[in-house]
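Here's a quick tour of a protein model for someone who likes to know how the numbers were made. Have a look at the fold, then read on.

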Amino acid sequence: MRVLIVEDEPELSRQLKESLSDAGYAVDCASDGEEAHFMGETEPYDAVILDLGLPVIDGLSILEKWRSAGRSMPVLILTARGSWTERVSGLDAGADDYLTKPFKMEELLARLRALIRRSSGHATAELVCGPVLLDTRQGKVTMDGRAIKLTALEFKLLSYLMHHADEVISRTELTEHIYDQDFDRDSNTIEVFVNRIRKKLGADIIQTVRGMGYRISESDPDQEE
Ligand code: CA
């Protein structure tokens, strides 16, 4: 899952980037409104954290521009304390949730998880595909109840496929959602990660759809007729 952080306070931006990276997200940062607007319009983020008070273009205007351009990614706005009018304007402009500064990082992470799973149609924090269970709160994967150790990139890839279970996901799409923009991307490495996950979870868990991409089914492949 790839997240854009829009925050002009350098220290808060740094803390957000660190916490989100530790939580297993690919993270990009923007510190002014113009840069943020461009990135949100051109890159496929799974969620955006948007401070409203920003240099060049304010957060509310950016959000309105994204929404009128049809950009529908979940957006969590950060608002100043006590400013209920800001929260109302933000929600009306298309924000999905808000947090008032100062906030606890744990709360931000919980809200972010909720936004991402709801936008991909999941109501609970645990995603299940056949024998595989991914706990989005703890960033842990089990198979038939047994803990499976995955590297950070393997986890990112599995998490994206499980959030989008039963959909065929191309290598390009996976590349765009598991790496941040500074990463030297190579879509050929996706196959390497898929094969490593298959070694750990079984060959059937990720299906290759020839010429199109990969798919994880929500039902157990062994149980299908
Ligand atoms: Ca600010």
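How many of the 225 residues of the protein chain count as buried? The share is 48%, where buried means under 20% relative accessible area, exposed means over 50%, and partly exposed is in between (1.4 Å probe, protein chains only).

## Ground rules

This is a predicted model, so to speak of local features takes a pLDDT of at least 70, side-chain atom pairs count only at pLDDT 80 or more, and totals for chains, interfaces and linings use all residues. Residues are numbered from 1 along each chain as its sequence is written, and side-chain values use heavy atoms, with hydrogens and water left out.

## The overall fold

The protein chain has eight helices and 11 strands. Those are DSSP runs numbered from the N terminus: H or I with at least four residues for helices, E with at least two for strands. The radius of gyration is 18 Å, close to the 17 Å from the globule rule for 225 residues, so the chain is as compact as a globular protein of that length. Both terms need a note: the radius is taken over C-alpha atoms, and the rule is 2.2 Å times the number of residues to the power 0.38. Along its principal axes, the C-alpha trace spans about 55 × 30 × 30 Å.

Contacts here mean heavy atoms within 4.5 Å. Of the contacts with a separation of 6 or more, 58% join residues 24 or more positions apart.

## Surface and charge

The accessible surface adds up to about 11,100 Å², and carbon and sulfur atoms own 47% of that. The areas come from the Shrake-Rupley method with a 1.4 Å probe; for residues, only the protein chains shown count as cover.

On the charge side, there are 27 positive and 41 negative charges, and their mean positions are 4 Å apart. Lys and Arg count as positive, Asp and Glu as negative, while His and the chain ends are not counted. Each charge is placed at NZ of Lys, CZ of Arg, CG of Asp or CD of Glu.

## The calcium site

Which residues hold the protein donors of the calcium ion? They are Asp 8 (OD), Asp 51 (OD) and Gly 53 (O), at 2.2 to 2.3 Å from the ion. The sequence spacing reads D-x42-D-x1-G. Asp 8 sits in the loop between strand S1 (2-6) and helix H1 (10-22), and Gly 53 in the loop between strand S3 (47-51) and helix H3 (59-68), so this pair, 45 residues apart, links distant parts of the chain. Donors are N, O and S atoms within 2.8 Å of the metal (3.2 Å for Na, K and Ca); water is not among the atoms, so sites may look incomplete.

Asp 8 is partly exposed, at 31% relative accessible area. Gly 53 is also partly exposed, at 46%.

## Leu 78 and Phe 103

Leu 78 lies in strand S4 and is buried, with just 1% relative accessibility. Beyond four places in sequence, Leu 78 touches ten residues' worth of listed partners, among them Leu 16, Asp 51, Phe 103 and Leu 108. Phe 103 is found in the loop between strand S5 (97-100) and helix H5 (105-119), and is buried too, at 17%. The two residues are 25 apart in sequence and 9.1 Å apart in space, C-alpha to C-alpha. Besides Leu 78, the contacts of Phe 103 include Leu 12 and Leu 16.

Just before Phe 103 in the numbering comes Pro 102, placed in that loop between S5 and H5. The peptide bond from Lys 101 to Pro 102 is cis, with omega near -5 degrees.

## Backbone oddities

Most residues other than glycine have a negative phi, and most peptide bonds are trans. Val 56 has a positive phi of about 75 degrees; it lies in the loop between S3 and H3 and is exposed at 61% relative accessibility. Asp 144 also has a positive phi, near 50 degrees. Its place is the loop between strand S8 (140-143) and strand S9 (146-148), and Asp 144 is exposed at 66%.

## Two more residues

Is Ser 159 buried or exposed? Ser 159 is buried, at 7% relative accessible area, and lies in helix H6 (residues 152-163). Leaving aside neighbours within four places in sequence, Ser 159 is in contact with Met 1 and Leu 134.

Gly 82 lies in the loop between strand S4 (75-79) and helix H4 (84-92) and is exposed, at 60%. With the neighbours up to four places away set aside, Gly 82 is in contact with Arg 87 and Thr 100.
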